[in-house]
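This report describes one protein structure, starting from a single residue and moving outward to the sheet and the core. The sequence and the structure are shown first.

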Amino acid sequence: MKLNEEQKNVVITKLSNFFRTSCIICNGSEWLLNDTIYELREFMGGSFILGEKVSIFPVLAVSCKSCGHTHYFNAILIGVVKK
């Protein structure tokens with residue numbers, strides 16, 4: 001799911017306090033917010049299961065522009081996906 005401009009602003013506002021420091025890998029100071037919400041799915045032994053009670057975790061990715069080190073944030077707790 002792509003973030004709209006309002007959602008992007010919510011994310012930037014909520015995460016701005018976390019990204020005032022340098023990257024822990026390369027010391028870079030510029031970050032890139034990916035505008036797509038991804039999902040992490042519960043591992044089911046290698047099977048892909050739809051329609052059953054499988055845990056899905058929506059995440060936002062923020063990457064260092066220099067080295068690509070990526071942080072994932074819970075999109076529900078950030079406020080751009082409803083529980």
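## Contacts of Ile 37

In this predicted model, Ile 37 is in contact with Met 1, Leu 3, Pro 58, Val 59, Leu 60, Ala 75, Val 80 and Val 81, when its neighbours within four places in sequence are left aside.

Ile 37 also belongs to the largest nonpolar core, which has 13 residues. Those with the most contacts inside this core are Leu 3, Val 11, Leu 15, Ile 37, Leu 60, Ile 78 and Val 80. The table lists the elements that give two or more residues to the core.

| Element | Residues |
|---|---|
| helix H1 | 5–15 |
| strand E1 | 31–41 |
| strand E2 | 56–64 |
| helix H2 | 75–78 |

Of these, E2 gives the most to the core, with three residues. In soluble globular proteins, nonpolar side chains tend to be buried together.

## The sheet

How are the strands ordered in the open sheet? The order of its three strands is E1-E2-E3, and the pairing is antiparallel. E1 and strand E3 (70–74) are the edge strands, each pairing on one side only. Direction ignored, neighbouring strands of this sheet are turned by 30° against each other on average.

E1 and E2 run antiparallel and are joined by eight bridges. One bridge links Arg 41 to its partner Ile 56 in E2.

Which strands does H1 touch as it packs on the sheet? H1 touches E1, E2 and E3, and its direction makes about 100° with that of E1.

Notes
Residues are numbered from 1 along each chain as its sequence is written. This is a predicted model: local features need pLDDT of at least 70, side-chain atom pairs count only at pLDDT 80 or more; totals for chains, interfaces and linings use all residues. Side-chain values use heavy atoms; hydrogens and water are left out. A nonpolar core is a set of buried Ala, Val, Leu, Ile, Met, Phe, Trp, Tyr and Cys residues joined through side-chain atoms within 4.5 Å. Buried means under 20% relative accessible area, exposed over 50%, partly exposed in between (1.4 Å probe, protein chains only). Helices (H or I, at least four residues) and strands (E, at least two) are DSSP runs, numbered from the N terminus. Contact means heavy atoms within 4.5 Å. Two strands pair if DSSP finds at least two bridges between them. Axes are lines fitted to C-alpha atoms, for helices over the stretch in contact, and angles run from 0 to 180 degrees between N-to-C directions.
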